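The following exercises examine a protein structure step by step. Each task is followed by a worked solution.

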Amino acid sequence: EQWAQALQLFREAMESRVERNTITYSAAVSACGKGEQCVQALQLFRQMADIRVERDTITFSAAVSACEKGTQWVQALQLF
């Protein structure tokens with residue numbers, strides 16, 4: 001599936017020492033959301049905080065959307 005391919009590319013980029021930033025993480029969170037992979041999206045979202053990558057409006061929106069598509073409204077509300 002496309003979300004899995006996007007996540008694999010993200011992981012390869014991280015292993016290649018591509019800069020871990022808001023844009024790369026937001027794209028990965030969004031890809032997971034489009035694939036209805038709420039758990040994966042939230043893991044990435046939380047990982048951003050753990051490694052001190054700034055989470056912006058786009059990142060929050062992607063995470064909330066991922067939860068919505070995965071019918072995980074409670075988790076979406078806990079992001080704030």
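**Exercise 1. Determine which residues of helix H1 are buried and how they are arranged around the helix.**

Step 1. The buried residues of H1 are Trp-3, Leu-7, Phe-10 and Met-14. Here, buried means under 20% relative accessible area, exposed means over 50%, and partly exposed lies in between (1.4 Å probe, protein chains only). Helices (H or I, at least four residues) and strands (E, at least two) are DSSP runs, numbered from the N terminus.

Step 2. Viewed down the axis of H1, the buried residues fall within an arc of 55°, so they line one face of the helix. The arc is that of the directions from the helix axis to the C-beta atoms. An α-helix has 3.6 residues a turn, so residues three or four places apart point the same way.

Step 3. Gln-2, Gln-5, Leu-9 and Glu-15 are exposed on the other side of H1.

Step 4. The cover over the buried residues of H1 includes helix H2 (22-34) and helix H3 (38-50).

Step 5. The length of H1 can be checked as well. The expected span of a helix is 1.5 Å times one less than its number of residues. For the 14 residues of H1 (residues 2-15) this gives 20 Å, and the end C-alpha atoms are 20 Å apart, which agrees. Just after H1, Arg-17 takes a positive phi of about 70°.

The model is predicted: local features need pLDDT of at least 70, side-chain atom pairs count only at pLDDT 80 or more, and totals for chains, interfaces and linings use all residues. Residues are numbered from 1 along each chain as its sequence is written, and side-chain values use heavy atoms, with hydrogens and water left out.

**Exercise 2. Carry out the analysis of buried and exposed residues for helix H3.**

Step 1. Cys-38, Ala-41, Leu-42, Leu-44, Phe-45 and Met-48 are buried in H3.

Step 2. These residues cover an arc of only 160° around the axis, which puts them on the same side of H3.

Step 3. Val-39 and Asp-50 are exposed, on the face of H3 turned away from its buried side.

Step 4. The 13 residues of H3 should span 18 Å at 1.5 Å a residue, and the end C-alpha atoms are indeed 18 Å apart. Just after H3, Arg-52 takes a positive phi of about 65°.

**Exercise 3. Describe the surroundings of Arg-20, Thr-22 and Thr-59.**

Step 1. Arg-20 lies in the loop between H1 and H2. Its relative accessibility is 41%, so Arg-20 counts as partly exposed. Beyond residues up to four places away in sequence, Arg-20 touches Met-14, Tyr-25, Ile-51 and Val-53; contact means heavy atoms within 4.5 Å. The C-alpha atoms of Arg-20 and Ile-51 are separated by 9.0 Å, although the two residues are 31 residues apart along the chain.

Step 2. Thr-22 belongs to helix H2 and counts as buried, at 16% relative accessibility. The side chain of Thr-22 reaches the backbone oxygen of Glu-54 at 2.6 Å. Apart from its neighbours within four places in sequence, Thr-22 is in contact with Met-48, Val-53, Glu-54, Asp-56 and Thr-59.

Step 3. Thr-59 is placed in helix H4 (residues 57-69) and is buried, with a relative accessible area of 0%. A polar contact of 2.5 Å joins the side chains of Thr-59 and Ser-26. A polar contact is a pair of N or O atoms within 3.5 Å; within protein, one must be able to donate a hydrogen and the other to accept it, and residues adjacent in sequence count only if both atoms are side-chain atoms. Leaving aside neighbours within four places in sequence, the contacts of Thr-59 include Val-29 and Phe-45.

**Exercise 4. How many disulfides does the whole structure contain?**

Step 1. A search finds 0 disulfides in the whole structure, where a disulfide is a pair of cysteine sulfur atoms within 2.5 Å.

Step 2. Cys-32 is in no disulfide, and the nearest cysteine sulfur, that of Cys-38, is 9.8 Å away. Cys-32 is buried, with a relative accessible area of 0%.

Step 3. The sulfur of Cys-67 is 3.4 Å from the closest cysteine sulfur, in Cys-38, which is too far for a bond. Cys-67 also counts as buried, at 0% relative accessibility.

**Exercise 5. Summarise the protein as a whole: how many helices and strands are there?**

Step 1. The protein has 5 helices and 0 strands.

Step 2. Of its 80 residues, 36% count as buried.
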